[in-house]
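Hi there,

Here is the structure I promised to pass on to you. Please have a look at it first, and then read on for what turned up.

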Amino acid sequence: MTAVETQPERTALSWQRTGLGVLAVAGLLGHRALDTGRPALLVAAGCVALLGLGVLGALAPLRYRQVRLRVRRGRAVCDPWVARAVTGAVALTAGVAAVAVVLS
């Protein structure tokens, strides 16, 4: 198996790890919300969970298909808009988590 053949699989795994990380932060925020009795924090946890599910359910499979197609055609695999989208989701998650820590 060559490096080119494993590129889509590595990409898919990295997107899955990112989505799972965002969901983990959502779980921690939800736990903190229930522990402290702050419903606003629970809403924030739900929004972060939706971001994580969006990464896992929409962006990860889309990116996997794109990378497979581009590798098969011999084209470059980078796609700036997808990278920006997931960077925004992770940054938003970090911001919500930081606010939750400060407010707790």
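**The salt bridge and its surroundings**

There is one salt bridge in the structure, and please keep in mind that the model is a predicted one. The pair is Asp35 and Arg32, whose closest N and O atoms are 3.9 Å apart. Both residues belong to helix α1, where three residues, about one turn of the helix, separate them. Asp35 counts as exposed because its relative accessibility is 54%, and exposed means over 50%. Arg32, with a relative accessible area of 35%, is partly exposed.

**The core**

Eight residues make up the largest nonpolar core: Val22, Ala26, Leu29, Ala33, Leu41, Ala45, Val48 and Ala100. Helices α1 (3–36) and α2 each supply at least two residues of this core, and α1 gives the most, with four. As general background, nonpolar side chains in soluble globular proteins tend to be buried together.

**Two surface patches**

One patch on the surface carries positive charge, and Arg68, Arg72, Arg73 and Arg75 gather there. Of these, Arg73 sits in helix α2, which covers residues 39–73. Arg73 has a relative accessibility of 54%, so this residue counts as exposed.

The other patch is nonpolar: Val99, Val102 and Leu103 form it on the surface, and together they have about 300 Å² of accessible area. Val102 has its place in helix α3 (residues 80–103), and this valine counts as exposed because its relative accessibility is 68%.

Happy to talk it through whenever suits you.

Best wishes

Definitions and conventions: Residues are numbered from 1 along each chain as its sequence is written. This is a predicted model: local features need pLDDT of at least 70, side-chain atom pairs count only at pLDDT 80 or more; totals for chains, interfaces and linings use all residues. Side-chain values use heavy atoms; hydrogens and water are left out. Patches are made of residues with over 30% relative accessible area and no salt bridge: like charges are joined within 9 Å, nonpolar side chains (Val, Leu, Ile, Met, Phe, Trp, Tyr) within 5 Å. Accessible areas come from the Shrake-Rupley method with a 1.4 Å probe; for residues, only the protein chains shown count as cover. A salt bridge is a side-chain nitrogen of Lys or Arg within 4 Å of a carboxyl oxygen of Asp or Glu. Lys and Arg count as positive and Asp and Glu as negative; His and the chain ends are not counted. The place of a charge is taken as NZ of Lys, CZ of Arg, CG of Asp or CD of Glu. Buried means under 20% relative accessible area, exposed over 50%, partly exposed in between (1.4 Å probe, protein chains only). A nonpolar core is a set of buried Ala, Val, Leu, Ile, Met, Phe, Trp, Tyr and Cys residues joined through side-chain atoms within 4.5 Å.
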